[in-house]
Amino acid sequence: MIFGGITLLLGLAYAGILGYYRYGWFRALKASVPLDTSVVKVFITVLVPARNEAANMEALFQSLLGQDYPADRFELILLNDASTDATQILAEQFAARDSRIRIINLLPEPGTASHKKRAIEKGVGEAQGTLIVCTDADCTHPAGWLSMFAAAYEGGKNKFIAAPVVYSTRPNFLSVFETLDFMTLQGITAASVSTGLHTMCNGANIAYEKKAFEEVEGFRGIDQLPTGDDMLLMYKIYQRYPDGITYLLHSQAVVETAAAGSWRAFFNQRIRWASKAAYYDDRRVFRILLLVYLWNAWMLALGLISIVYSPVFVIFTTALLGKTVVEILFLMPVSRFFKKQRWMIWFPLLQPVHIIYTLTAGWLGRFGSYEWKGRVIKK
């Protein structure tokens, strides 16, 4: 039967990829040996792009100024991207109390879509640090965060370091859904980078050598794109230093951020992320994304067909069960690392929502537009 054959083919390919990611996750865990932070000395510049983040300024600076890294070995640059709220005022109040903080205020630039890359490029140009660490203004950071990055950089030949991000979770449907979905992406990121399968990262928690950024000419060639300040840059550096990419899977390297908070904000965020796919030079990522999209599209098709053609129902339910099992096998150790095991009980129930969301976000990421930080970005 053709339905069974296609399901088996796509299902085995999908299970194989997730099985390899599971192997990669454990490899990343094994590689996360205790780092010697007692000898770190590299000077670090922390870049924080911010637009209308007044509500987060207090928590942001408290976590950054509370780092256990030597105070004379790092600086903080807040890149105020034409905020229309009190972001600048609050940031300047912190800067007045601590000389490590600098504020760069960027004026609106009509006609550009790459606002965040423009801000980061300005920040790198002003940075005094050898190592650039990038995070987002809505994040908080453990005390050993910078020490972990410094040790990972000085302990080898690393030019680009990706690290984990976790959502704070509230007990409601959307928050749990976002947490599980994002945690899956984080597990895949750690697995793919640790095995060298493909490049992947999240711009809320990355670091790279300033010299490497300059050698690849920063965002040149991708500067016209509205997104890609993280993954597209990572791949540029990977092309020059294929052995200089690593993943820092350590509890003191995890930054925490709030989830989107509304379905509208959630879809705008995910559409923005999905929109990068069209620009990936790393075709390994694109091929895997295509497989995931086709598998979810086939699952939806099977579900709809089974309504009017009952023989397909058994194939659909078997495939859905198999999909759920292989995803749980991958995600359980990831959830333990992030201390989110309690939410895994909801994972099987969220499968229909996740299938529809994957297809919708993937399609709109390619052909739609999205709103971000009060700006509408059109494809």
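This report covers the sheets, a helix crossing, a pocket and a cavity of a predicted model.

## The seven-stranded sheet

Seven strands build an open sheet. Their order is E3-E2-E1-E4-E8-E6-E9. The pairing is mixed. Strand E3 (101-106) and strand E9 are the edges, and each pairs on one side only. Ignoring direction, neighbouring strands of this sheet are turned by 20° against each other on average.

Within this sheet, strand E1 (residues 44-50) and strand E2 (residues 74-81) run parallel. Seven bridges join E1 to E2. One residue pair can be named here: threonine 45 has glutamate 75 in E2 as its bridge partner.

Helix H5 (residues 145-154) lies across five strands of the model: E1, E2, strand E4 (131-135), strand E6 (160-162) and strand E8 (205-209). The helix H5 runs at about 140° to E4.

## The three-stranded sheet

A further open sheet has three strands, in the order E5-E10-E7. Its pairing is also mixed. Strand E5 (139-140) and strand E7 (165-168) form the edges. Each of these edge strands pairs on one side only.

E7 and strand E10 (residues 255-258) run parallel, joined by four bridges. Tyrosine 167 stands opposite threonine 257 in E10. In general, strands of a sheet pair through backbone hydrogen bonds, either parallel or antiparallel.

## Where H1 meets H6

How do helix H1 (residues 2-31) and helix H6 (residues 173-195) cross, and at what angle? Their axes come within 7 Å and cross at roughly 75°. H1 is therefore roughly perpendicular to H6.

H1 brings Tyr20, Tyr21, Tyr23, Gly24, Trp25, Arg27 and Ala28 to the contact. H6 brings Gln186, Gly187, Ile188, Ala190, Ala191, Ser192, Ser194 and Thr195. By class, the contact of H1 with H6 has eight nonpolar residues, six polar and one charged.

## The second largest pocket

H1 and H6 also take part in a pocket lining. The second largest pocket has a volume of about 460 Å³. Its lining counts 25 residues. Nearest the centre of this pocket lie Ala31, Ser194, Ile245, Thr246 and Tyr247.

Which elements supply at least two residues each to the lining of the second largest pocket? They are H1, H6 and strand E9 (245-247). H6 gives the largest share, four residues. E9 is also an edge strand of the seven-stranded sheet. Ser194 of H6, listed among the residues in contact with H1, is one of the residues nearest the pocket centre.

The lining of this pocket divides into 12 nonpolar, 10 polar and three charged residues.

## The cavity

Rolling a probe the size of a water molecule over the atoms shows where empty space is left. How many cavities of 30 Å³ or more does the structure hold? The structure holds one. The largest cavity encloses about 40 Å³ of space.

The largest cavity is lined by Thr199, Met231, Leu232, Tyr235, Tyr280, Asp281, Asp282 and Val285. Helix H8 (residues 231-240) supplies the largest share of this lining, three residues. Five residues of the lining are nonpolar, one is polar and two are charged.

Terms used
Residues numbered from 1 in each chain as written. Predicted model: local features only at pLDDT ≥ 70, side-chain atom pairs only at ≥ 80, totals over all residues. Heavy atoms only, no water. Axes fitted to C-alpha atoms, helices over the stretch in contact; angles between N-to-C directions. Parallel < 35°, antiparallel > 145°, perpendicular 65-115°, else oblique. Contact = heavy atoms within 4.5 Å. Nonpolar A, V, L, I, M, F, W, Y, C, P; charged D, E, K, R; others polar. Pairing = 2+ DSSP bridges. 1 Å grid on protein atoms, 1.4 Å probe; cavity = no way out; pocket = protein on both sides within 12 Å on 5 of 7 lines; lining within 4 Å. Points joined across faces, edges and corners; volume = space filled by probe spheres on them.
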